[in-house]
Amino acid sequence: MQNFKFQTDLAVADTIPASWYTDPNMLAREKTAIFNKTWQFAASLDQLRFPGNYVAVDVMGTPVVVTRDANGQLRAFYNICRHRAGVVARGAGNRKSFQCQYHGWLYGLDGCLRTTPEFEGVQNFRKEDFGLMPIRVETWGPFAFVNMDNNAPPLLEVLGKIPEETAQFNFDGMRKMKRMDYYVNANWKIYIDNYLEGYHVPIAHPGLFKELDYEQYRVDTYRYYSSQYAPIRPVRTEDAAGRVYTALQGDDKAFYYWIFPNFMLNIYLGMLQINIIVPISHDRTLTIFEWYFSDPGTPDTWNNLQSSIDFSDEIQKEDIELCEDVWRNMQTGVYSQGRYCVKRENGVHHFHSLLAEALG
Ligand code: FES
Ligand SMILES: [Fe+2]
């Protein structure tokens, strides 16, 4: 990783070096310094409503199981048996205990080790010392997040004003209605950079450009997140036929939030869409899109869901092409650093400042 001094003044700052994206060793550093120290989306709560429900998930390469125990308390553990590191839970379901899939050690949903088959004669062994290793789990709206760092600030502190600003949407009652996965041949940070600015909208997203009031578009940055203010242009009858957001009326607004490092919330048309950006390797990224709305939905929300999926699919394909082009070009070694647009790229600069802070 190339050493350079990050400039906190946007107007004079150079962008971070290309090597921060292209160096294959960066991802291991980012995992330790960033992904294992921040709140990571783990599961939607509609899979964890009842005592005994559990879901085994991969959180940035770490196997985790999230469960609601017999007392209704939400818990998370490393999905790693204390015997010889087998897996204790697979998939999702409802059960009273976890049985390791290797030699059958049995754990309660509270993580306590209960039985160890054929272990008579093993000395200096106390079951109390071999419970599943717990991980912090906290919730907001319909989501469970985990954090592998015991010193990280609480989830609600990281989310700042977001819960208050979005209280009108009643996220608690929402359920996951749809998931779509996209793979991008690019470093994960290129995808995040692209999400964080509207500078490319006029050129790269002609369809979206028609919907937005680009002059008013702006990005506001906070400690650990940024928000994008992107008002929808009023629909005039003469161009209504070509418009996607015709369902938005009057004061309806769209809200977009990015939470460091890899979680986005997009709120419009009475639904909530989240994006989770998962680095598979330094050169390949999984972007997960999930749509949520209130049960059971109305005919309008279901229709809006379909148009939202179609529209987001169009924009996502345009963004993937941009990101893959940038990735190819960064790897030539010809390009090292650029500059930020003061008016439009403060969100990208804010992301890079958090990267520089975390990586030291
Ligand atoms: S590794 Fe789990 S019981 Fe052996
Ligand atoms: Fe875009």
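A residue counts as buried when its relative accessible area is under 20%. In the predicted model described here, His200 has a relative accessible area of 13% and is therefore buried. His205, at 1% relative accessibility, also falls under 20% and so counts as buried.

Both histidines take part in the coordination of the iron ion (ligand 2), each through NE2. The remaining donors of this ion are two OD atoms of Asp319, and the coordination distances run from 2.0 to 2.7 Å. Along the chain, the donors of the iron ion (ligand 2) are spaced as H-x4-H-x113-D. The angles subtended by the 4 donor atoms range from 54 to 155 degrees, and the arrangement around the iron ion (ligand 2) is therefore irregular. A tetrahedral assignment would require all angles to lie between 85 and 135 degrees. For four tetrahedral donors, the ideal angle at a metal is 109.5 degrees.

Aromatic contacts were examined next. The structure contains 32 aromatic pairs. One of them joins Phe41 and Phe263, whose rings are stacked, with 5.9 Å between centres and 15 degrees between planes. This pair connects distant parts of the chain, as Phe41 belongs to strand S1 (residues 40–44) and Phe263 to strand S15 (residues 263–268), 222 residues apart. Phe41 has a relative accessible area of 14% and is buried; Phe263, with a value of 3%, is buried as well.

Phe41 and Phe263 also belong to a cluster linked by ring pairs. The other members of this cluster are Trp140, Phe143, Phe145, Phe169, Phe171, Tyr222, Tyr225, Phe255, Tyr257 and Tyr292.

Charged side chains lie over aromatic rings at two tyrosines considered here, Tyr224 and Tyr214. Arg223 is placed over the face of Tyr224, at 4.4 Å from the ring centre. The ring of Tyr214 has the charged end of Arg344 over it, 3.7 Å from its centre.

A further position considered is Gly297, located in the loop between strand S17 (284–294) and helix H8 (299–330). Its relative accessibility is 24%, so Gly297 counts as partly exposed. The separation between Gly297 and Thr8 is 289 residues in sequence and 45 Å in space, taken from C-alpha to C-alpha.

Key. Residues are numbered from 1 along each chain as its sequence is written. Chains are lettered from A and ligands numbered from 1 in the order in which they are written. This is a predicted model: local features need pLDDT of at least 70, side-chain atom pairs count only at pLDDT 80 or more; totals for chains, interfaces and linings use all residues. Side-chain values use heavy atoms; hydrogens and water are left out. Helices (H or I, at least four residues) and strands (E, at least two) are DSSP runs, numbered from the N terminus. Buried means under 20% relative accessible area, exposed over 50%, partly exposed in between (1.4 Å probe, protein chains only). Rings of Phe, Tyr and Trp (its six-membered ring) pair if their centres lie within 6.5 Å; planes under 30 degrees apart count as stacked, over 60 as edge-to-face and the rest as tilted. A charge sits over a ring if NZ of Lys or CZ of Arg is within 6 Å of the ring centre and within 35 degrees of the ring normal. Donors are N, O and S atoms within 2.8 Å of the metal (3.2 Å for Na, K and Ca); water is not among the atoms, so sites may look incomplete. Four donors count as tetrahedral if all angles lie between 85 and 135 degrees; four count as square planar and six as octahedral if opposite donors are over 155 degrees apart and all others between 65 and 115; anything else is irregular.
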